[in-house]
Amino acid sequence: MDAILLSRLQFAAATMFHFIFVPLTLGLSVLIAGMETAYVRTGKELYLRMAKFWGKLFLINFVLGVVTGITLEFQFGTNWSRYSAYVGDIFGSLLAIEATAAFFLESTFIGVWVFGWKKLSPKAHAIVAWLVAGAGNLSAVWILIANGFMQNPLGYVIRNGRAELNDFMAVVLNPFAWQQFAHTILGAFCVAGFFVLGISAWHLARKSHEEFFNASLRIGAGVALAASILVAVQGHFHGNEVARVQPVKLAAMESHWETRANAPMYLLQIPGENGNVLEALPVPSLLSILAYNDPNAVVKGLNDVPAADRPPVAITFWAFRAMVGIGTIMPLIALFAWVKRRDIGKYPWFLKLLPWAIPLPYLGLQAGWVVAEVGRQPWIVHGLMRTSDAVSPISGGQVGFTLAAIIVLYTLLGAAGFFLAGRAVKQGPDAAR
């Protein structure tokens with residue numbers, strides 16, 4: 001068994017499972033803080049009940065995110081020790097800041113939030129809710145700065161055979177990292193919006209707690225609509241940054257093989273190993289416009305890159321189209337929910353549909369990360385270190401065993417988490433008092 005391939009599969013499995021829980025933590029924490037603030041400002045008991053009900057689901061999700069994240073970070077030592085030795089001076093410092101300055105703060109404030117309902121004033125408790133949300137999103141900042149270094153390495157020098165930090169602010173202000181952060185956070189709000197929207201619709205279809213879930217549905221619809229539009233708009237600017245920093249990834253995303261100006265985009269396209277199997281319905285200059293905001297811009301093709309330096313084209317291409325397709329569907333669903341929010345009960349078919357829409361932003365985010373990480377290959381740090389040079393000196397059998405163990409462990413954790421969340425949803429807001 002190939003230790004490199006298995007290590008990549010293990011890290012992918014751990015990361016993708018962990019990332020099921022991260023975006024809901026980021027987005028829902030802000031919504032809950034907003035609900036508590038509304039309670040403080042209006043005195044309406046409804047908003048307090050909302051904060052407690054959605055807060056219970058948030059806590060279940062947060063715990064699973066913590067457990068799955070711990071095993072993920074261990075892999076930098078077990079499976080990717082050569083990577084850690086080469087860039088640990090930079091990457092390790094960012095993870096250390098995330099743990100000490102963000103995650104520990106978030107965990108502490110969550111404890112205060114959970115046990116402070118009867119000990120803190122409503123205003124103080126709402127402030128704690130905002131601190132939880134702020135610390136959680138600050139954690140995402142440092143993680144994405146670390147990933148941004150892997151995508152666009154800045155602020156380092158090669159000394160003594162390894163990359164060493166020489167400009168901390170260049171790493172922190174990396175424009176690629178901040179584009180990733182904006183895209184990820186907006187995606188997290190899509191997750192939170194559709195999560196609240198779908199669960200509220202599930203209860204409304206059953207005529208359960210109608211006042212409570214009508215109010216929740218309006219919040220979810222508004223957040224889902226705004227976030228799904230903004231993530232698409234911001235995605236264009238993120239694409240411009242990808243074109244500037246990682247033109248080969250852009251070429252793989254579009255299965256673009258020949259370097260040319262006025263590059264078209266094909267509405268019907270199927271990639272092959274060394275070219276496209278099918279190209280039809282070209283839109284002249286559209287790829288140049290989308291990549292560089294200039295119809296005359298030159299777009300680099302994959303044929304100008306050695307085969308060993310190309311990412312897996314088919315995976316990157318189809319993952320990108322999955323992300324874009326989902327990103328097109330989401331605002332349409334959210335728009336209908338927002339327009340019909342006052343009389344949503346007249347559309348029972350739509351209420352039954354909305355719970356099935358909850359996975360859409362999750363799938364869109366997962367597809368986006370496949371584009372980001374697979375599209376960067378064969379580099380673990382773009383242009384600086386190859387993935388094949390980063391793996392630990394371990395056997396394929398060892399990695400295969402731990403991969404199987406992680407799959408079993410995460411399956412059990414996922415089953416337990418989904419069971420607890422499902423039970424909390426079915427019990428409704430009264431059980432969260």
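A residue counts as buried when its relative accessible area is under 20%, and by that standard helix H4 of this predicted model is mostly covered, since 21 of its 30 residues are buried. The span of H4 from its first C-alpha to its last is 43 Å, close to the 44 Å expected at 1.5 Å a residue.

Helix H3 gives another picture, for although it has 35 residues, its end C-alpha atoms are only 40 Å apart, short of the 51 Å that a straight helix would reach. H3 bends by about 95° at Gly88. Among the buried residues of H3 are Val87, Ile90 and Phe91, together with Glu98, Glu106 and Trp113.

Both H3 and H4 also appear in the lining of the largest pocket, where they are joined by H1, H2 and H12 as elements that each give two or more residues. This pocket holds about 1,500 Å³ of space and is lined by 50 residues, with Phe11, Thr15, His18, Leu72 and Ile143 lying nearest its centre. H1 gives the most to this lining, with 13 residues, and by residue class the lining of the largest pocket divides into 31 nonpolar, 13 polar and 6 charged.

The second largest pocket contains about 1,100 Å³ of space, and of the 43 residues that line it, His183, Gly235, Phe320, Met323 and Val324 are the closest to its centre. The elements that give two or more residues to its lining include helices H6, H7 and H10, strand S4, and H12. H10 gives the most to the lining of the second largest pocket, with 10 residues, while the whole of that lining comprises 26 nonpolar, 14 polar and 3 charged residues.

Aromatic side chains offer a further way through the model, in which 24 aromatic pairs are counted. The rings of Trp113 and Trp117 have their centres 5.1 Å apart and their planes at 65°, so this pair is edge-to-face, planes over 60 degrees apart being counted in that way. Trp113 is buried at a relative accessible area of 6%, whereas Trp117, at 24%, is partly exposed.

The rings of Trp178 and Phe181 are likewise edge-to-face, because their planes stand at 75°, with the ring centres 5.7 Å apart. Trp178 and Phe181 are 3 residues apart in helix H6, and are therefore separated by about one helical turn. Trp178 is partly exposed at 36% relative accessibility, while Phe181 is buried at 17%. Elsewhere, ring pairs link Phe53, Trp54, Phe195, Phe212 and Phe213 into a cluster.

Technical notes:
Residues are numbered from 1 along each chain as its sequence is written. This is a predicted model: local features need pLDDT of at least 70, side-chain atom pairs count only at pLDDT 80 or more; totals for chains, interfaces and linings use all residues. Side-chain values use heavy atoms; hydrogens and water are left out. On a 1 Å grid over the protein atoms alone, a cavity is a set of points where a 1.4 Å probe fits but cannot get out, and a pocket is an open set with protein on both sides within 12 Å along at least five of seven lines; lining residues have an atom within 4 Å of a point. Grid points are joined across faces, edges and corners, and a volume is the space filled by probe spheres set on the points. Helices (H or I, at least four residues) and strands (E, at least two) are DSSP runs, numbered from the N terminus. Ala, Val, Leu, Ile, Met, Phe, Trp, Tyr, Cys and Pro count as nonpolar, Asp, Glu, Lys and Arg as charged, and the others, Gly among them, as polar. The expected span of a helix is 1.5 Å times one less than its number of residues. Buried means under 20% relative accessible area, exposed over 50%, partly exposed in between (1.4 Å probe, protein chains only). The bend at a residue is the angle between axes fitted to the seven residues ending there and the seven starting there. Rings of Phe, Tyr and Trp (its six-membered ring) pair if their centres lie within 6.5 Å; planes under 30 degrees apart count as stacked, over 60 as edge-to-face and the rest as tilted.
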